[in-house]
Amino acid sequence: MAQVDIPTGTNLSIRLVSPLSSRHAQAGEAVSATLIAPVHAQGKELLPAGFVVRGTVANPTPAHKRLNHSVLWLNFGELVGKENRSAAFRARVLSVDNGRESVDSEGVIHGLRPLRRRPGEIEDLLLLAAAAHPAVLASLELGRFVVSEEDKPHITYEKGVELWLTLTSPLRVAAVPAPEMSPSPAALLASKELESLVSGLPLRTATPRGTPSDLVNVMLVGSEEAVVHAFESAGWLPAERLDLKTEAATFFAVADRHSYKEGPVSSLLIAGQMPALVFEKETNTFAKRHHVRIWKRSEQFQGMPVWIGAGTHDIGIDFSRKARTFSHSVDGDIDRERQKIENDLIFTGDVAASGRIGRAGAPRAFQNATGDQLETDGAIAVLRLKPISQ
């Protein structure tokens, strides 16, 4: 690859290739990840996805060690491509995608402060009652369930957890090595057939009461097996159906600040139909997650089934006094979630061709059913998937 000049402040999306924990990590220990999304600057792709990203565990300062919570300090600084050719860079951790931890200005990851013990059997019954009756939940003082404090909760990340790095100095490389893998699909060019198909698709989902909500921002072309394989290969999990059991599990995930990786999503419809598939991705907290609802269409494109999806990124939990229940707040720039879905599916190598089609009738600024203000350029991402090998 020719010379590149990537400015300070450019972000890199990486995925850990092995588990990592503050309990066992030692200073100097090697950490490895993969660059899972192309790096862009000034509207141009400067680095493709697929590089190995190497780093080490840093030794926390004495001040960090005196804190009453766990910390994890990671220094990433080497891009490695084919034939072990590499390029050095300087960066700090910016955030842990969908993690409950916080990251300070130095890139140090800070864990939760000591948590209460899990409520006992009687408290469980009370919390179940609260989950079934949100109005009760609003008046509960969860602090009275505190019995004692545990030791520092450890920061524990499974293989596949994603982080954002930000460059702390310009990355200037005379000749960047080729990435270890290069899953770039062909360009799916606009055509009259495709534009006609897209123009006839629904633009938005709606609640069971008919309130307009999320924007349809993804179109997939391929078999159901291909859709499922692509998302699962990208680390997205199918969501469980919403019922009393999963509602209770959801409440405990919120109350105890833990993960619920197959947690249900609220009911949204297109033409009165529930989604055929729902996928989501989180780290260690139910409060934050990527998710997409997917509906099968009757239309076909190039002889293959068509699916449409509405993807949004949950970034927190809110309590609605009006609805008397909890709901997720959503990242207002929903085009970032469209890009996330594109990047993740393309990185699997399951996408044969991809492109975006503009929609003149799509709203540019609107509210979803829970009142989040959302913005978009109105385009839909179109991904043609490779058939599943027999």
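1. Overall make-up. The chain's secondary structure comes to seven helices and 28 strands. Bear in mind that this is a predicted model. Of the 390 residues in the chain, 48% are buried. If you take contacts between residues at least 6 apart in sequence, 69% of them join residues at least 24 apart.

2. The main core. The largest nonpolar core has 35 residues. Those with the most contacts inside it are Leu16, Val53, Leu74, Phe76, Phe89, Ile109 and Leu165. Strand β8 (residues 71–80) gives the most to this core, with four residues. There is also a second, separate core, this one of 19 residues, and it includes Trp236, Ile294, Ile346 and Leu385. As general background, nonpolar side chains tend to be buried together in soluble globular proteins.

3. Leu165 up close. What does Leu165 touch, once residues up to four places away in sequence are set aside? The list takes in Thr10, Asn11, Leu12 and Ile14, then Val53, Phe76 and Phe89, and finally Ala91, Arg92, Val93 and Leu94. Val53, Phe76 and Phe89 are also named among the core residues with the most contacts.

4. Helix α7. This one covers residues 335–347, and its length checks out: at 1.5 Å a residue, the 13 residues should span 18 Å, and the end C-alpha atoms are indeed 18 Å apart. Is α7 enclosed or open? Eleven of its 13 residues are buried, so the helix is largely enclosed by the rest of the structure. The buried set has plenty of charged residues to look at, including Asp335, Glu337, Arg338, Lys340, Glu342 and Asp344. Ile341, Leu345, Ile346 and Phe347 are buried as well, and Ile346 belongs to the second core. After the helix comes Gly349, with a positive phi near 85°.

5. The second largest pocket. Its volume is about 800 Å³. There are 32 lining residues, and the closest to the pocket centre are Trp164, Arg336, Gln339, Lys340 and Asn343. Which element supplies the largest share of the lining? That is α7, with eight residues. Strands β2 (11–16), β5 (39–41), β10 (91–96), β14 (162–167) and β23 (304–320) each supply at least two residues too. Lys340 and Asn343 are worth clicking on, since both are buried residues of α7 and both sit among those closest to the pocket centre.

6. Thr34. This residue is in strand β4, and at 14% relative accessibility it counts as buried, the cut-off being under 20%. Leaving aside neighbours within four places in sequence, Thr34 is in contact with Ser13, Ile14, Arg15, Val17, Gly50, Phe51, Val53 and Phe347. Phe347 ties Thr34 to α7, where that phenylalanine is one of the buried residues.

7. Glu29. Look for Glu29 in the loop between β3 (20–21) and β4 (30–35). Buried or partly exposed? Glu29 is partly exposed, with a relative accessible area of 32%. Beyond four places in sequence, Glu29 touches His24, Gly55, Thr56 and Val57. Leu74 lies 45 residues away in sequence, yet the C-alpha atoms of Glu29 and Leu74 are 9.6 Å apart.

8. Asn284. The loop between β21 (277–281) and β22 (289–301) holds Asn284, which counts as buried at 11% relative accessibility. Where does the side chain of Asn284 reach? One target is the backbone nitrogen of Arg100, at 2.8 Å. The Asn284 side chain also makes a polar contact with the side chain of Glu101, again at 2.8 Å.

Terms used: Residues numbered from 1 in each chain as written. Predicted model: local features only at pLDDT ≥ 70, side-chain atom pairs only at ≥ 80, totals over all residues. Heavy atoms only, no water. Expected span 1.5 Å × (residues − 1). Buried < 20%, exposed > 50% of the residue type's maximum accessible area, 1.4 Å probe, protein only. Polar contact = N/O pair within 3.5 Å; in protein donor to acceptor, adjacent residues only side chain to side chain. Core = buried A, V, L, I, M, F, W, Y, C linked by side-chain atoms within 4.5 Å. Contact = heavy atoms within 4.5 Å. 1 Å grid on protein atoms, 1.4 Å probe; cavity = no way out; pocket = protein on both sides within 12 Å on 5 of 7 lines; lining within 4 Å. Points joined across faces, edges and corners; volume = space filled by probe spheres on them.
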